[in-house]
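Dear colleague,

I am passing on to you the structure that we spoke about, and below it you will find a short account of what turned up in it. Please read the text with the structure open beside you.

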Amino acid sequence: MITIAEQQARAMLPQFALEEEYTDIREARELTEGHINSTYYVEAQGAAGPRGYILQKINTYVFRRPEELMANIVGVTEYIRERLAAGEARGQSTLHVYPAKDGNPWYQDEQGGYWRCYNFVANSYSLQAAAGPQEARRAAYAFGTFQRMLDGFPIERLHETIPDFHNTKKRYEALEAAVAEDRAGRRAEVEDEIAFARARKGDCLLLPPLVAAGSIPLRVTHNDTKLNNVLFDRDTHEAVCVVDLDTIMPGLSLYDFGDSLRFLGNTAAEDERDLSNVDFSLPLFEAYTKGYLAACGAALTPDEIRLLPFSVKLMTYECGMRFLTDYLNGDVYFRIHRPDDNLARCRTQFALVRRIEALLPEMERIVAQN
Ligand code: ADP
Ligand code: GN1
Ligand code: MG
């Protein structure tokens, strides 16, 4: 029986102008770790041997303007490629976008769906959790280097692929709107979580005045720095390529730092059901901080450095609110595997916020020492 992944690969791979002809599709399978797009790994037999591709159907509920999104990705990957060719950031690589045969960096299918094709980064793997400080430091180095390389990118060329993506105040307001509407009839079940979010509303207001005053600069940022959005090399185990470039936009370095630790600093999975397993790892925080500061610390302002610990709390709180909002809205945004996934994810994020709150002084001490 032919699987859906095989069907998609057979229909979509021929639409792209690859650098070599292939004779056969040897393997096609869906990669289900991401929460947003539909991602397929495809291995095709070329003249010189098998070659891996990533075919992705862009989630157009989440990304309303896929042409602009692809323009961002093409611009940023070309820019990074030039910097790498000039000898910067040795060991790092960037994605290659294969154009469709009509020349666009996407292919539109008969139902109006948008597809794109990347190289599968050869010999790479991704992780759902850091096994130890070395992996945290390596991921941090890759994300920090990515940010440093994009420092000179003309920020005005970027489209905002999701407006107000990390505007925590707007995320709070979206949660209140979802509570009021109670579209899926789930409100009664989540009163504790709603109260938790409300009690921390003031946190939403801390960064905007510093941005307005210029002590926290707007930069070109990735905005989705989960550990599984960086690829590791199978031989060296270094973090070699940052992927998931959909949310590259003007943003704050603190979003990237905080969001990475939200995911990687958690001792449990994002959708862990047993909250007693959720804790925040100070050794992983320290390792990540070291790797990040080594890669891009020289460019950071005193306020950016001072607020590194707070950013972890803020991004965790924000993400928890986003999961809660989606749960109340009936799971329209994040991909779920089980009906209560978004509720479980919200609960892990809020449990983690509690732990981070208790550990903030320790985290501040670690930043001061590095
Ligand atoms: P989503 O937006 O749904 O998270 P991603 O672009 O992050 O989608 O892709 C999902 C996963 O597929 C990534 O976490 C990564 O592990 C893997 N992946 C994506 N692109 C590539 C690539 N070019 N090479 C190797 N693996 C990739
Ligand atoms: C989504 O696409 P993915 O799975 O890497 C989300 C992030 C969240 C994350 C939570 C475009 O990331 O913002 O932090 O889930 N991406 C988008 O796991 O909303
Ligand atoms: Mg992803």
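In this predicted model, the magnesium ion, which is ligand 3, has two protein donors, namely N229 through its OD1 atom and D244 through an OD atom, and these lie 2.1 to 2.3 Å from the ion. N229 belongs to the loop between strand 8 (219-221) and strand 9 (230-233), while D244 belongs to the loop between strand 10 (239-242) and strand 11 (249-251), so the pair ties together parts of the protein that are 15 residues apart in sequence. The two donors can also be described by their accessibility: N229 has a relative accessibility of 6% and therefore counts as buried, whereas D244, with a relative accessible area of 26%, is partly exposed.

D244 also takes part in the surroundings of ligand 2, since a polar side-chain atom of D244 lies 2.9 Å from an oxygen atom of that ligand. Two further contacts of this kind can be named: a polar side-chain atom of D224 is found 3.1 Å from an oxygen atom of ligand 2, and an N or O atom in the side chain of R262 is 3.4 Å from an oxygen atom of ligand 2. Taken alone, ligand 2 exposes 440 Å², and the protein buries 98% of that area.

Where does ligand 2 sit? The space that ligand 2 takes is the largest pocket. There are 18 residues around ligand 2, and those that come nearest are H35, K226, E270, R322 and Y333. Helix 7 (253-264) and helix 10 (308-328) each supply at least two residues of the shell around the ligand, and helix 10 gives the most, with 3 residues.

Finally, a word on the backbone. Most residues other than glycine have a negative phi. Against that background, which value does phi take at D244? For D244, which is not a glycine, phi is positive and near 55 degrees, and the residue stands, as said above, in the loop between strand 10 and strand 11. A89, likewise not a glycine, has a positive phi of about 50 degrees. The place of A89 is in the loop between helix 2 (66-85) and strand 4 (97-98), and with a relative accessible area of 14%, under the 20% limit, A89 is buried.

With kind regards

How values were computed:
Residues numbered from 1 in each chain as written. Chains lettered and ligands numbered in written order. Predicted model: local features only at pLDDT ≥ 70, side-chain atom pairs only at ≥ 80, totals over all residues. Heavy atoms only, no water. Donors = N, O, S within 2.8 Å, 3.2 Å for Na, K, Ca; no water. Helix = DSSP H or I, 4+ residues; strand = E, 2+ residues; numbered from the N terminus. Buried < 20%, exposed > 50% of the residue type's maximum accessible area, 1.4 Å probe, protein only. Near = heavy atom within 4 Å. Polar contact = N/O pair within 3.5 Å; in protein donor to acceptor, adjacent residues only side chain to side chain. Areas by Shrake-Rupley, 256 points an atom, 1.4 Å probe, with all protein chains shown as cover. 1 Å grid on protein atoms, 1.4 Å probe; cavity = no way out; pocket = protein on both sides within 12 Å on 5 of 7 lines; lining within 4 Å. Sits in = over half its atoms within 2 Å of the grid points.
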